[in-house]
Amino acid sequence: MTTASGRPGTAGAPRAADPADRTAEVSWFDTREITLSRSDLAEMDAREKARAAAFVFPADRHRYQVAHVMLRRVLAGHLGTDPSRLNFGRQRCPTCGGVSGKPVLAGVSAWEDDPEPLRGVDASWPGLSFSLAHSGEAVAIAVARVPVGIDVERDATGCVCSLASAMHPDDAAIVEVLPEPERHLAVIRWWVRAEAVLKCAGTGIAHGMDAFPVLGAPVRSRPRLPLEPEVPGWAAAAGCSFAALSAPKGYQAALALPGLRMIRYRWGPDR
């Protein structure tokens, strides 16, 4: 799992995302190995600080802070700016039109003594997309030149069979016949794939996760693409292609990009 040494995120700036739209960069962080100083936390904006303060348990607060500080640093590395200057917003949900759609980089703020915003970065910044996920002690950040979705979940510690009711019928049929604990692993595999696709599409899980299957093999009538090393499969769903990701032990993860494409990904700095 990628971790920063010293001041988190400064050990090596991420490489710029490959212009080819089939590539995404994925960075991993372990919240147990990162200590945030007061100056580190100052990089977050007022909304993020308020959200962090609302957590009751310190471990949850620390996970949130690490995730959002590291997101700022990964993106700042791509843009060549200071993490604290980044502004975020949300697109409208493509399903309902609400304001809870995909998080986006809205722009870069000017310093108080800087008469102009950073040149070359407009209010919408259409050239860089990101997705953030965290579970347990793992934080994953994906960056690409097209919409991207990533999800990570810790393997189940209890029974998760009840989640089968939220699946597409094809996926539920696959899971139903599996013995435990294989069934529990399959449920988590379904979850990370479906959520990665929905993050990529911009709808999230609020409108359900049963509109498409993600556990079966690709439909034979669609063109089959060669598998990538370390990416053990792909399939198309909801207008996206997705692939399983190499994840820390005890976790499962998936990455989604729009359209039918071969997915390549690379680890972020310090890997």
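This report describes two cysteines, one helix and two strand pairings in a predicted model.

**Cysteines**

A search of the whole structure finds 0 disulfides. Cys200 is in no disulfide, and the cysteine sulfur nearest to that of Cys200 belongs to Cys240, 3.6 Å away. Cys240 is likewise in no disulfide, its nearest cysteine sulfur being that of Cys200. Because a disulfide requires two cysteine sulfur atoms within 2.5 Å, the separation of 3.6 Å leaves Cys200 and Cys240 outside that cut-off. Both residues are nevertheless covered: Cys200 is buried, with a relative accessible area of 6%, and Cys240 is buried, with a relative accessible area of 3%.

**Helix 5**

Helix 5 spans residues 182–201, a range that includes position 200, where Cys200 is found. The helix has 20 residues and reaches 29 Å from its first C-alpha to its last, which is close to the 28 Å expected at 1.5 Å a residue. Of these 20 residues, 15 are buried, and the helix is therefore mostly covered. Just after helix 5, Gly202 takes a positive phi of about 95°.

**Strands 8 and 9**

Strand 8 covers residues 240–245, and 6 of its 6 residues are buried. Strand 8 is joined by 6 bridges to strand 9 (residues 251–258), and the two strands run antiparallel. Within this pairing, Ala243 stands opposite Leu255 of strand 9. The hairpin formed by strand 8 and strand 9 has 5 residues between the strands, and in this hairpin Gly250 adopts a positive phi near 90°.

**Strands 1 and 5**

Strand 1 (residues 23–30) is also mostly covered, with 8 of its 8 residues buried. Thr23, Glu25, Ser27 and Phe29 point one way from the strand, whereas Ala24, Val26, Trp28 and Asp30 point the other way; all are buried. The charged-type names Glu25 and Asp30 thus appear on opposite sides of strand 1. Strand 1 is joined to strand 5 (residues 138–144) by 7 bridges, in an antiparallel arrangement. In strand 5, Val143 is the bridge partner of Glu25.

The burial counts for the three elements are set out below.

| Element | Residues | Buried residues |
|---|---|---|
| Helix 5 | residues 182–201 | 15 of 20 residues |
| Strand 8 | residues 240–245 | 6 of 6 residues |
| Strand 1 | residues 23–30 | 8 of 8 residues |

Note on methods
Residues numbered from 1 in each chain as written. Predicted model: local features only at pLDDT ≥ 70, side-chain atom pairs only at ≥ 80, totals over all residues. Heavy atoms only, no water. Buried < 20%, exposed > 50% of the residue type's maximum accessible area, 1.4 Å probe, protein only. Helix = DSSP H or I, 4+ residues; strand = E, 2+ residues; numbered from the N terminus. Expected span 1.5 Å × (residues − 1). Pairing = 2+ DSSP bridges.
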